[in-house]
Amino acid sequence: MKRGLQPFHLAVLALGFGFLYVPIALLVLYSFNASRLVTVWGGFSTHWYEALLGNEALLASAFVSLRVALVSSVLATILGTMAAFALVRFGRFSGRTLFAGALYAPLVMPEVIIGLSLLLLFVGLGIDRGFWTIVAGHTTLGLCFVTVVVQARLATFDRSLEEAAMDLGATPLATFRAVTLPLIAPAMLAGCLLAFTLSLDDFVIASFTSGPGSTTLPMRIYAQVRLGVTPEVNAISTLLIGFVGFILLGAAAINRLRKPQGSG
Amino acid sequence: MRPLRRLVLAIPALWLFAFFLAPFALVAKISVSRPLVAQPPYEPVFSLADGWQGLWDKLSRLTLDAYALVFSDDLYLDAYLSSLRLAAIATLLTLLIGFPLAHAMTRAPRQWRTALVLLAIAPFWTSFLIRIYAWIMILKDEGLLNHALLSLGLIHAPLSIFATEAAVLIGIVYSYLPFMVLPLYTALEKQDPALLEAAADLGATPLRAFWRITCPLAWPGIFAGLLLVFIPAVGEFVIPDLLGGSDTLMIGRSLWNEFFENRDWPAASAVAIVLLAILIVPLVLHERQQVKERAA
């Protein structure tokens, strides 16, 4: 029996990844189309990107989305890291099953249910919907993803490092700052980025929790998509993909730079 | 527990209670309220000022009308059944595509594998909405697929895929494929190749070895993938709304329309509660599987 990559496997890989990436590649390609008709290639043009710069409503909603994503991803990282510590380090405390359940359920729960329940909460409490209610929704979703990522890192964590620091006379707080935090920082960063992009991309929860004046970018894109396929949507989509890609590559570069220090 | 520990647990626990658990009680409460043309558009509204008598009066005004509506109107029943059917078909299709892909990934040279895993998850980092939009562009009657097939002479009239259930299935499979590939890959990668060699030495055909060894060992990954795709797919709103036709019924869409268009909040809440009741079994299975996985 032969192991390794046979032509059949290569074909499966090509087809599978083709299926995943060809639609995105086409979307990017046609954002540079001079023609307004999507199927007709009318030559290369950056016209649609220039048109975006004049679209103030779109820019305003992009700004709202960025602010929401920044605030909610930072909050989600703090809360998610705490939750991960509680799950990994605190043993069997009462209510652990419920706590873990509430952390894992939002990973798969249909977004319409999360969105509706949050909206009913805000209406019930008489809170005006806007920037902070979207932040609350996105933080809730994001913290669950941060928990899963940080928990995985904590579970494989060598605790003798912390014990060594304590034996050498470090206070628990100093141990946390000097030993624990640097070791889990890459996982926290990964979780934070995940929460950031989830927030930036979310349409359903934002629709339920936003109010007048806090229209997010995906809500604006959705409204345009419903009207039909336009090169402007391709252009804004390409920018969004490029932005997220840039952040991910940046994070990977930071992690690579940190590594020699950490292991040295 | 030490005070600091208590705080580390209490803060996220309180957050989840306030923004995830408690809201479900509100959804349940509003599902037994009456719709009203007012702000908020339902009654009764409970308040601390009511006193016991007022509370009792208001409790007696609660009603199961919204549930009666959901269970008596064929439109809802059809929407639930059609959501379950479409999600089940799409989940199986995702498995049929995801399994060979994950399997081929484990056969790739070791130095490629990390890159392949990253490539498989990367679409998850790009906007859901944008990926669905890309398929509108491709599948529309005057879209890229028809354009390509027509100019190649493979078809003579455009295919109508857009605004049908087929488009919704393509959308779900495409969007959720990474959720299937990742657990499958993790399960398949752990398998010892020596097992297959042993099976071959004992005279098993590759197909039989695959069926008797690879599949059973990959079951935890298959099971995780099925749940990760099926549960959110049942309640999907964006995909049926953008890729489906006006006759494509899915319950997430019914909930959305009930809420945003008809402004019938009790009906939308009842739809949500019934959806949760349907999903409770797969949700509990998912929870147990997560707990097991994280504990391992």
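This briefing walks through chain A as a whole and then a handful of helices, loops and buried residues in chains A and B. The model is predicted. Chain A is a helical chain, with 11 helices and 0 strands, while the details picked out in chain B centre on helix 4, helix 9, helix 13 and two loop residues with positive phi.

**Chain A in outline**

- Reading along the sequence of chain A gives the pattern α-α-α-α-α-α-α-α-α-α-α, in keeping with its count of 11 helices and 0 strands.
- Measured out along the principal axes would be one way to picture it: the C-alpha atoms of chain A fill a box of roughly 70 × 65 × 40 Å.
- Of the 264 residues in chain A, 52% are buried.
- If you look at contacts in chain A between residues at least 6 apart in sequence, 70% of them join residues at least 24 apart.

**Surface and charge of chain A**

- Chain A exposes about 12100 Å², and carbon and sulfur atoms supply 68% of that area.
- The side chains of chain A include 16 positive and 11 negative ones.
- The centres of these two charge sets in chain A lie 8 Å apart.

**Asn234(A), a buried residue touching both chains**

- Asn234(A) sits in helix 11 of chain A, which covers residues 231-263.
- With a relative accessible area of 1%, Asn234(A) falls under the 20% cut-off and is therefore buried.
- Leu27(A) is 207 residues away from Asn234(A) in sequence, yet their C-alpha atoms are 5.9 Å apart in space.
- Beyond residues up to four places away in sequence, Asn234(A) touches Leu27(A), Tyr30(A) and Ser31(A) in chain A, along with Tyr133(B) and Met137(B) in chain B.

**Helix 4 of chain B: Ala79(B) and Ala104(B)**

- Helix 4 of chain B spans residues 74-107 and holds Ala104(B); Ala79(B) lies in helix 4 as well.
- Ala79(B) has 0% relative accessibility and so counts as buried.
- Ala79(B) and Leu249(B) are 170 residues apart along the chain, with their C-alpha atoms separated by 4.9 Å.
- Setting aside neighbours within four places in sequence, Ala79(B) is in contact with Leu249(B), Met250(B), Ile251(B) and Ser254(B).
- Ala104(B) also counts as buried, at 0% relative accessibility.
- The contacts listed for Ala104(B), not counting residues up to four places away, are with chain A: Leu5(A), His9(A), Val12(A) and Leu13(A).
- Leu188(B) lies 84 residues from Ala104(B) along the chain, and 9.9 Å separates their C-alpha atoms.

**Helix 13 of chain B and the loop before it**

- Arg263(B) lies in the loop between helix 12 (251-261) and helix 13 of chain B.
- Although Arg263(B) is not a glycine, its phi is positive, at about 50 degrees.
- Arg263(B) counts as partly exposed, at 42% relative accessibility.
- At the start of helix 13, a side-chain oxygen of Asp264(B) comes to within 3.1 Å of the backbone nitrogen of Ala267(B).
- Helix 13 covers residues 265-295 and bends by about 50 degrees at Ile280(B), with Pro282(B) following within four residues.
- Ala270(B) is found in helix 13 and is buried, with a relative accessible area of 0%.
- Leaving out neighbours within four places in sequence, Ala270(B) contacts Ser31(B), Ala66(B), Tyr67(B), Val70(B) and Tyr80(B).
- The C-alpha atoms of Ala270(B) and Pro100(B) are separated by 40 Å, and the two residues are 170 apart along the chain.

**Helix 9 and the loop before helix 8 in chain B**

- Helix 9 of chain B runs over residues 193-201, and at its start a side-chain oxygen of Asp192(B) reaches to within 2.9 Å of the backbone nitrogen of Ala194(B).
- Gly203(B) follows helix 9 and has a positive phi, near 95 degrees.
- Ala163(B) lies in the loop between helix 7 (144-151) and helix 8 (165-189).
- Ala163(B) has a positive phi of about 65 degrees without being a glycine, and its relative accessibility of 30% makes it partly exposed.

How values were computed:
Residues numbered from 1 in each chain as written. Chains lettered and ligands numbered in written order. Predicted model: local features only at pLDDT ≥ 70, side-chain atom pairs only at ≥ 80, totals over all residues. Heavy atoms only, no water. Buried < 20%, exposed > 50% of the residue type's maximum accessible area, 1.4 Å probe, protein only. Contact = heavy atoms within 4.5 Å. Areas by Shrake-Rupley, 256 points an atom, 1.4 Å probe, with all protein chains shown as cover. Lys, Arg positive; Asp, Glu negative; His and termini not counted. Charge placed at Lys NZ, Arg CZ, Asp CG, Glu CD. Bend = angle between axes of the 7 residues up to and from the residue. Polar contact = N/O pair within 3.5 Å; in protein donor to acceptor, adjacent residues only side chain to side chain.
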